[in-house]
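Dear colleague,

I am handing over the structure below, and after it you will find what I was able to read from it. Please keep it open beside this message as you go through the notes.

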Amino acid sequence: MKRLALAAALALLAGVPFLVGSTYYVNVASQILIYAIFALGVNALVGYAGLVSLGHAGLFGVAAYAAARIMNAGYGHLAVAAGALAVTLAAAAVFAVLALRGTGLGFVMITVALGQIVWGVAYRWISITNGDNGVSIRGRPSPLGLSLASPAAFYWASLLVFVAALAAMAVFNASPFGASVRGTRDQPRRMNALGYHVWMIRFLTFLFSGFWSGVAGVLYLYYNQFVSPQVVALTASAEALLMVISGGTGTLLGPVAGAALVVVMKNVASAYIERWNFVLGAIFVVIVVFMPEGLVPGVARLGRWLARARQPREAVAVTAARREAER
């Protein structure tokens, strides 16, 4: 049943350009996939390692800026992607070395400071980032000769990357390393006593998280063909964290649901509701109050509760039917 449900979900996602029809909504679907990859990367650190980061937009932006600069230097798209991800991993390593000096609130504050440093560099280092004017690129790639210029083609390419990210997260979660990451989240002292290198486990998890944040950043650049300091602002990191928390930390589909919620509110609901920020905040409050574990785990819990509530009624109905048959 799980395989059938997975196949049906993939078929539905692949058919989105045909189902929605409108180019605008195809672009919104592409944005959901990009931010879902970003949220999955953040969730690897926040949900599985228990380390709350408010600086991941810095890594997201580092990848986008690096890709833009490499492309404008005349290199091909393969070199652009490889170079941008290499730069992002190097930045993630620096972030990890500095941020892992603290835990809890200290870790959060260090990541905020690092993210703000990246924002300051993007805003002030005009010779590299072009300041407020941002950096533009010449176009999207054409892997294997297939152009990604159209909204539908770019959506399908983003979908392939999203499926790869989701599969990588599933393998990460089910692997022994994933179990050790959750162990450092729940019982770091016990893990240390058992001989596990807690700092190294967290460091590698940070790199894994940074890698997928970088992938999302490269896709963002190709989608918009432009990057500006707004991408690395503190609000962007906060949005990614809200996607993870609202959807459900430490789950596979929670960040995806959270990304869909935020992107739809920003791009669709905002066209009909002037105070859409208020509505989004109200939705988050409702989720926190009634589904503190997140949207996806909360819906699953509600489904189990409804199933248990239905069972006694079904049992009474079966008993009554048996009595009628005996008569």
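The buried residues of helix H13 are Gly254, Pro255, Val256, Gly258, Ala259, Leu261, Val262, Val263 and Met265. Please bear in mind that this is a predicted model, and that the statements here should be read with that in view. Helix H13 covers residues 254-267, which makes 14 residues, and from its first C-alpha to its last it reaches 20 Å, close to the 20 Å expected at 1.5 Å a residue. When you look along a helix, it may help to remember that an α-helix has 3.6 residues a turn, so residues three or four places apart point the same way.

Turning to the protein as a whole, it contains 15 helices and two strands. Its C-alpha trace spans about 90 × 55 × 40 Å along the principal axes. How does the radius of gyration compare with that of a compact globule? For 327 residues such a globule would have a value near 20 Å, and the protein has 22 Å, which agrees. Of the 327 residues, 45% count as buried, while the accessible surface comes to about 17000 Å², with 67% of that area belonging to carbon and sulfur atoms. If you take the contacts between residues at least 6 apart in sequence, 75% of them join residues at least 24 apart. As for charge, the protein has 22 positive and 8 negative charges, and the mean positions of the two groups are 10 Å apart.

Two single residues are worth finding on your screen. One of them is Thr88, which is found in helix H5, residues 77-99. Is Thr88 buried or exposed? Its relative accessible area is 1%, and because the cut-off for buried is under 20%, Thr88 counts as buried. Leaving aside neighbours within four places in sequence, Thr88 is in contact with Leu59, Val62, Ala63, Gly210 and Gly214.

The other is Pro151, which belongs to helix H8, residues 151-174. With a relative accessible area of 24%, Pro151 is partly exposed. Which residues does Pro151 touch, if those up to four places away in sequence are not counted? They are Thr23, Val26, Asn27 and Ser30. For one of these, Val26, there is also a C-alpha separation to report: the C-alpha atoms of Pro151 and Val26 are separated by 6.4 Å, although the two residues are 125 residues apart along the chain.

With best wishes

Conventions:
Residues numbered from 1 in each chain as written. Predicted model: local features only at pLDDT ≥ 70, side-chain atom pairs only at ≥ 80, totals over all residues. Heavy atoms only, no water. Helix = DSSP H or I, 4+ residues; strand = E, 2+ residues; numbered from the N terminus. Expected span 1.5 Å × (residues − 1). Buried < 20%, exposed > 50% of the residue type's maximum accessible area, 1.4 Å probe, protein only. Rg over C-alpha atoms; globule rule 2.2 N^0.38 Å. Contact = heavy atoms within 4.5 Å. Areas by Shrake-Rupley, 256 points an atom, 1.4 Å probe, with all protein chains shown as cover. Lys, Arg positive; Asp, Glu negative; His and termini not counted. Charge placed at Lys NZ, Arg CZ, Asp CG, Glu CD.
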